[in-house]
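Here are my notes on this one, written up as numbered points. Have the model open while you read.

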Amino acid sequence: MSTFLYFMEVFYIASSKNQMLINEQIRAREVLVIGPNGEQVGVKTVSDALTLAQYAGLDLCLINPNGNPPVCKVMDLSLIHISEPTRL
């Protein structure tokens, strides 16, 4: 899947629920982390996941808040504007 389509899919999921929690906005205790290349990093505390994302120069985005544990992906959100919803 191309990077653009992936970002649009993530943005659509988040905008359909009128929320996209990123970085320090994530309030879960532990999250399942998906790396920037799609690899499963594992279950980490949010502080550890934020450290991984910051080390890579990327953002931590909450993809599935209803998962057990919630699922986050390390990705570059500077390419999309979160404040302006986009119609797919």
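**Notes on the fold, the cores and a few oddities**

1. Of the chain's 88 residues, 35% count as buried. Keep in mind that this is a predicted model. The chain exposes about 5800 Å², and carbon and sulfur atoms supply 51% of that area.

2. On the layout: the chain has 2 helices and 4 strands, and from the N terminus the elements run α-β-β-α-β-β. Among contacts between residues at least 6 apart in sequence, 50% join residues at least 24 apart.

3. Which residues make up the largest nonpolar core? There are 11 residues in all: I26, V31, V33, V46, A49, L50, A53, L60, L62, C72 and V74. β1 (30–34), α2 (46–56), β3 (59–64) and β4 (71–75) are the elements that give two or more residues to this core, and α2 gives the most, with 4 residues. As general background, nonpolar side chains in soluble globular proteins tend to be buried together.

4. A second core lies apart from that one. This other core has 5 residues, among them M20, I22, C61 and L77.

5. α2 deserves a look down its axis. V46, A49, L50 and A53 are buried in this helix. They sit on the same side of α2, because they cover an arc of only 100° around the axis. The buried residues of α2 pack against β1, β2 (40–45), β3 and β4. Right after the helix comes G57, with a positive phi near 75°.

6. V33 is a good residue to click on if you want to see the packing. Leaving out residues up to four places away in sequence, V33 touches E39, Q40, V41, G42, K44, A49, C72 and V74. Of these partners, A49, C72 and V74 are listed with V33 in the largest nonpolar core.

7. How many disulfides does a search of the whole structure find? The search comes back with 0. For C61, the closest cysteine sulfur is that of C72, and the two sulfurs are 7.5 Å apart, so they are too far from each other for a bond. C72, likewise, is in no disulfide. Both cysteines are buried: C61 has a relative accessible area of 1%, and C72 has 0%. They belong to separate cores, with C72 in the largest one and C61 in the other.

8. Buried or exposed: which is N23? N23 is in the loop between α1 (3–16) and β1, and it counts as buried because its relative accessibility is 15%, with the cut-off for buried set at under 20%. The N23 side chain makes a polar contact with the side chain of D59, at 3.0 Å. Setting aside residues up to four places away in sequence, N23 touches L50, D59 and L60.

9. Two backbone details to check. Phi of N23 is near 50°, a positive value in a residue other than glycine. The peptide bond joining N68 and P69 is cis, with omega about 0°, and P69 lies in the loop between β3 and β4. For context, most residues other than glycine have a negative phi, and most peptide bonds are trans.

Conventions. Residues numbered from 1 in each chain as written. Predicted model: local features only at pLDDT ≥ 70, side-chain atom pairs only at ≥ 80, totals over all residues. Heavy atoms only, no water. Disulfide = S-S within 2.5 Å. Buried < 20%, exposed > 50% of the residue type's maximum accessible area, 1.4 Å probe, protein only. Core = buried A, V, L, I, M, F, W, Y, C linked by side-chain atoms within 4.5 Å. Contact = heavy atoms within 4.5 Å. Areas by Shrake-Rupley, 256 points an atom, 1.4 Å probe, with all protein chains shown as cover. Polar contact = N/O pair within 3.5 Å; in protein donor to acceptor, adjacent residues only side chain to side chain. Arc of directions from axis to C-beta.
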